[in-house]
Amino acid sequence: MEKILYFDYAAMVMDIVLLGCMLLRKMINGKLNRMFIILVTVALFTTAMDIIAVSYDRSAAPFIAEKYVYHSIYLMLRAFTSFFCLSYIIILTDTWFKASDSLIKKVILFLPVLSVVVLMIANLSTHNIFYISESGEYVRGDLFLLLYAINGYYVIYGFIKVFQNRKMLEPTKIFSIYAGTMFMIVVSMVQFIYPRALLDMFANSTGLLFLFMMVQRPEEITDSETGLIKLSTYDSEITRSFANNKPETIIMIKMVNYSSIRHMLGYRDTVNVKKIIADFMNRTMKEKKARGDVYYTESGNYRIKLEGKNRIKADEIAEQINEKFKEPLKYNEMQLDLVICVCIANIPDDIDNQDALVALGGDLKNQYTGNVLYAAQINSKERYSVMRDMDTILENAIANDEFEVYYQPIYSVHECRFNSAEALLRLKTERYGFIPPSLFIPAAEKNGAIHRIGQMVMEKVCEFISSDRYSELKLDYIEINLSPTQCMENNLASNMISIMEKNHVQPDQVNLELTESAAGDIQNTILENITALHKAGISFSLDDFGTGYSNMTRIAALPFCIIKLDKTFTNVEGNPNMIIVLENVIKMIKALNMKIVVEGIETKELVEKFKELDCEYIQGDYYSRPLPQREFVQFIKAHNNDLKSNGRMKDFDKI
């Protein structure tokens, strides 16, 4: 009875379709994609060898030499298919470095498949695995079962590897791997019993198709716009790297001016620019002969992950990328100045937890110098420890009342006195000392603690305003910052009004600050809160004006009475263009009947400059840094009393 080839033909079609999908979708980035391509390619050649070998078996001519060659190649490739299936699982769990970090482990991993090669070569003379009878018939030898044992060895190895790393894999992926493997095992047993039913490669291809749909999931791995690996995959792989304590080097690339480029070019052209950057990074990797994964992690952020010997090439790759984008990018007859910040981080040496790595990547826009940065030089390990423990730190700080409200005086140019102040939150812990707001505020917004913290700040400020100490200062109001996340709270307005009423604070004694980013993208909940608070008599300021790309029509429609110019506007010395911009910005704000606070003033010269420009209020370290409540009270009393006695404000030294 002849062997049936229909299942092999079907298997070959499935393998070709899978390979075509991977290549047409350009799913060639990333170790997992590359290993899957290798796995499908080996399966395709294995099926082809099976078809050729069986075709020779069917021939009337003996073709003994040819049959030995093709059957031997098929059996060797079949063992390699099992080996690459295991390799795929090891890469999926990101434990290859553990599986091959010693001679014993390498022997355990590679010896079985190499043994098959030796056995098949020896079989040409010993005929222990199979032989061709005088009549030209293929016959299994005494040691044929050894091939099944070796394939079974790799199956068991894979099962153990998945079980050991089950916490790092999604349940659907674990089920898919186990179910697909069990299906192939059952079919292999059927073929062993009924050798003329060639089901083995069909089962293998069906398992690969199952992996492609349930584990590989191309739409979840590859970013359709850049062709690079997606953020979700990067996040999963970094999680596994930290869990396995795996040494890797991450090159973080951030387009600092992504928002302005996106605003200027629009969606379609921005996609093209992102693709140009991605292609350059891939070319750089090839030029440096570096094996690593390149990711696009959204919003103009790219990551390159290197491991093993490739880590030593990180400096060269980072330098080439950094130098490339110092030059204008030519696109559609335009010269685009892309501000690219490049930073190298070695994990776990420089950074030992994922939260700290994410925080560093998000902070790159504030670290840009034009040179390649190094994580080890930017921050100490203590900062990374803080980021790792931030959720616990915040909970303890709320529970133990470790937050303190500081106040920075605001000077009124027209009244020649300090008429208000901005409330600024500070955190000092017993273990870490002072933790800057740039660290704890984003973490609080991310985990939701910002709502409780915001309410606590409102309570403390209102208690201060209602105190006798405050009434003696004769201040007009205190400014309180609202984060964008806080503004999304449904009952924000009612809570704030309730706190003010409880402390007998009048609406005109509080001024609420919104950042430009929050004001530029008003959603219904934010708008409802602003409207309710404004109707209650509370005034609003727009903070950090000049740092974003807001909708000016939207800002003009909101009830702002004060615009706070960001400290970037203070960089006017030797910059005539900035002065022109500044003069026109001030003219526009005054035309909207809004007053101006200039932040970040540190010198007497700048004070005089902004007085000339008729800015109403000045805030900055020239007058005073943010002070604890007690020191703030003493400061206001001393300097406003000095004004009362002398009729003018004396010069200040920077405190």
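# Exercises: patches, cysteines and rings

A nonpolar surface patch of about 570 Å² is made by Leu145, Val186, Val190, Phe192, Ile193 and Tyr194. This is a predicted model, where local features need pLDDT of at least 70, side-chain atom pairs count only at pLDDT 80 or more, and totals for chains, interfaces and linings use all residues. Residues are numbered from 1 along each chain as its sequence is written, and side-chain values use heavy atoms, with hydrogens and water left out.

**Exercise 1.** Find which helix gives the most to the nonpolar patch, and place Leu145.

*Solution.*
- Start with the rule: patch residues have over 30% relative accessible area and no salt bridge, and nonpolar side chains (Val, Leu, Ile, Met, Phe, Trp, Tyr) are joined within 5 Å.
- A salt bridge would be a side-chain nitrogen of Lys or Arg within 4 Å of a carboxyl oxygen of Asp or Glu.
- Areas follow the Shrake-Rupley method with a 1.4 Å probe.
- Helices are DSSP runs (H or I, at least four residues), numbered from the N terminus.
- Helix α7 (residues 171-193) gives the most, with 4 residues.
- Leu145 belongs to helix α6 (residues 144-164).
- Leu145 has a relative accessible area of 51%, so it is exposed (over 50%; buried is under 20%, partly exposed in between).

**Exercise 2.** Count the disulfides, then check Cys341 and Cys487.

*Solution.*
- A disulfide needs two cysteine sulfur atoms within 2.5 Å.
- The count comes to 0 disulfides.
- For Cys341, the closest cysteine sulfur is in Cys343, 6.7 Å away, so it is too far for a bond.
- Cys341 is buried, at 1% relative accessible area.
- Cys487 is in no disulfide either; its nearest cysteine sulfur, in Cys561, is 15 Å away.
- Cys487 is also buried, at 2%.

**Exercise 3.** Count the aromatic pairs and classify the pair of Tyr411 and Phe418.

*Solution.*
- Rings of Phe, Tyr and Trp (its six-membered ring) pair if their centres lie within 6.5 Å; planes under 30 degrees apart are stacked, over 60 edge-to-face, the rest tilted.
- The count comes to 31 aromatic pairs.
- Tyr411 and Phe418 have centres 5.5 Å apart and planes at 65 degrees, so the pair is edge-to-face.
- Tyr411 is buried at 3%, and Phe418 is buried at 0%.
- One aromatic cluster holds Phe80, Phe83, Phe84, Trp96, Phe110, Tyr153, Tyr154 and Tyr157.

**Exercise 4.** Find the ring face under Arg166 and the one under Arg426.

*Solution.*
- A charge sits over a ring if NZ of Lys or CZ of Arg is within 6 Å of the ring centre and within 35 degrees of the ring normal.
- Arg166 lies over Phe163, 4.1 Å from the ring centre.
- Arg426 lies over Tyr406, at 5.9 Å.

Methods:
Patch = residues over 30% accessible without salt bridge, like charges linked within 9 Å, V, L, I, M, F, W, Y side chains within 5 Å. Helix = DSSP H or I, 4+ residues; strand = E, 2+ residues; numbered from the N terminus. Buried < 20%, exposed > 50% of the residue type's maximum accessible area, 1.4 Å probe, protein only.
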